[in-house]
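Here are a few exercises to work through with the model open. Try each one before reading its solution.

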Amino acid sequence: MPAPAIEVNRLSHAYGSRRALDDVSFELTAGQSIALLGPNGSGKTTLFRILSTLLTPDSGSARVAGFDVLTQAPDVRRSIGVTFQSPSIDRRLTVRENLIYHGRMFGLNGAALRRRTAELLDAFRIAARADDVAEVLSGGLRRRVEIAKSMMHRPAVLLLDEPSTGLDPGARDELRRLFEQLNRDGVSILFTTHLMEEADPCQRVAIMNEGRLVAIGPPRELCAEIGGDVLTFEAREPRRLAQLIGPDAVCEAGVVRVERPAAHRVLAEVIDAFDGRIDAVHVGRPTLADVFRRHTGRGLENGAEEN
Ligand code: ADP
């Protein structure tokens, strides 16, 4: 069995009195992807910075590609490709130049550097734009260049902080396919996100809230644990409707939502009782947002920090 790509063991970190990470443990199998999903302030970036050796944890340990982030930081840095939230490519350079400069920083040169650059231009489908300055590229293409750049030195593990921020759905899809290809090539990926749509297609998701890991597993399994149907109602008097349905019905942003083992058993009853005052009904399977709610008692989208 190969060593796990990432092993996090009882990791904690505080900024002054603010606890940002609280006793977090998990593993990522080599060649797989994991999404760290959580609202703003849940500790994702703190964990990301510890794994990329930019921040020393207060307690606990972490290994990346088999190396300890504290005692073997240079080995960790050689084994990881990192992309940060803020773009790091030079917009005045061409796509090819961006890759070449980064390769040089990692000691590549001559034919090996040219070969690796050509390989990545192809693999990331940016060869046609190789001689364009980065500035003129779309956000999605620029993100691909950035990830290609971080892969120049053939890292075993790719760490990405909110990689799809600002990308349209098409570019997000493209990024997902790219990750799948990288996994097939044996690269392990950890990325942070606050969007459940992004975590959904991932092999595993680690859900974070207030510095703690609240659930971890394949998204489909986590959703299946909740089971049943999720009903949402748009109605004229949502609070009254929520009261009528029962204490477990919640009213958020004017929409009433409730989980039930079987939707059809409640639907007719509710529509009859609230006759003429319901504008729309939606029945769906539980999502990662429902998993988050089950574990934290609040919505994923309501995670804005209260400072
Ligand atoms: P996320 O990436 O999920 O938004 P962070 O790891 O950035 O979460 O933040 C976790 C908590 O730590 C938040 O409460 C945040 O305000 C706090 N925090 C993050 N960075 C700093 C810092 N440099 N100094 C003080 N507090 C910080």
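Helices (H or I, at least four residues) are DSSP runs, numbered from the N terminus. This is a predicted model, where local features need pLDDT of at least 70, side-chain atom pairs count only at pLDDT 80 or more, and totals for chains, interfaces and linings use all residues. Residues are numbered from 1 along each chain as its sequence is written, and side-chain values use heavy atoms, with hydrogens and water left out.

**Exercise 1.** Place Ser150 and decide: buried or exposed?

Solution. Start with the helix: Ser150 sits in H5, residues 139–150. Next, check the accessibility: Ser150 is buried because its relative accessibility is 2%, and buried means under 20% relative accessible area (1.4 Å probe, protein chains only). Finally, list the contacts (heavy atoms within 4.5 Å): leaving out residues up to four places away in sequence, Ser150 touches Gly81, Val82, Thr83, His102, Pro155 and Leu158.

**Exercise 2.** Find the residues with the most contacts inside the largest nonpolar core.

Solution. A nonpolar core is a set of buried Ala, Val, Leu, Ile, Met, Phe, Trp, Tyr and Cys residues joined through side-chain atoms within 4.5 Å. The largest one has 42 residues, and Phe124, Leu182, Ile207 and Leu288 have the most contacts inside it. H6 supplies the largest share of this core, 5 residues. Now zoom in on Phe124: beyond four places in sequence, Phe124 touches Arg144, Ile147, Ala148, Met151, Leu178 and Leu182.

Technical notes: Helix = DSSP H or I, 4+ residues; strand = E, 2+ residues; numbered from the N terminus. Buried < 20%, exposed > 50% of the residue type's maximum accessible area, 1.4 Å probe, protein only.
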